[in-house]
Amino acid sequence: MPTPSKPKPEQTPAQAAEHVASAHKILKDLQPKVGNHPELGEAITKLEMALNILAIKTGGLL
């Protein structure tokens with residue numbers, strides 16, 4: 001497993017939110033193709049929670 005690296009200074013919470021939102025969309029689009037799989041549903045839920053946390057930490061300025 002790779003070790004976490006320090007975030008780059010030019011990365012912003014908005015960029016992180018964009019990545020999470022993109023991953024969320026990919027998984028939501030994949031769900032009908034794969035079917036109702038519990039791990040896929042869990043991943044989608046975790047991404048939604050991450051987006052909410054980012055929104056709260058940035059004061060909704062995403």
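The following paragraphs describe how two helices pack in a predicted model. Local features require pLDDT of at least 70 and side-chain atom pairs pLDDT 80 or more, while totals for chains, interfaces and linings use all residues. Residues are numbered from 1 along each chain as its sequence is written, and side-chain values use heavy atoms, with hydrogens and water left out.

Helix 1 spans residues 13-34 and helix 2 residues 38-57; helices here are DSSP runs of H or I with at least four residues, numbered from the N terminus. Their axes lie 9 Å apart at an angle of about 155 degrees, where axes are lines fitted to C-alpha atoms over the stretch in contact and angles run from 0 to 180 degrees between N-to-C directions. The two helices are therefore roughly antiparallel, a label for angles over 145 degrees.

Contact means heavy atoms within 4.5 Å. Among the residues that meet across the pair are A17, V20, L27 and Q31 in helix 1 and L40, I44, L47 and L54 in helix 2. The residues of this contact comprise 16 nonpolar, three polar and two charged.

The largest nonpolar core has seven residues: A17, V20, L27, L40, I44, L47 and L54. Such a core is a set of buried Ala, Val, Leu, Ile, Met, Phe, Trp, Tyr and Cys residues joined through side-chain atoms within 4.5 Å, buried being under 20% relative accessible area with a 1.4 Å probe and protein chains only. Helix 2 supplies the largest share of this core, four residues.

Q31 lies in helix 1 and counts as buried because its relative accessibility is 19%. Leaving aside neighbours within four places in sequence, Q31 contacts N36, L40, G41 and I44.

Methods:
Angles under 35 degrees count as roughly parallel, over 145 as roughly antiparallel, 65 to 115 as roughly perpendicular and the rest as oblique. Ala, Val, Leu, Ile, Met, Phe, Trp, Tyr, Cys and Pro count as nonpolar, Asp, Glu, Lys and Arg as charged, and the others, Gly among them, as polar. Buried means under 20% relative accessible area, exposed over 50%, partly exposed in between (1.4 Å probe, protein chains only).
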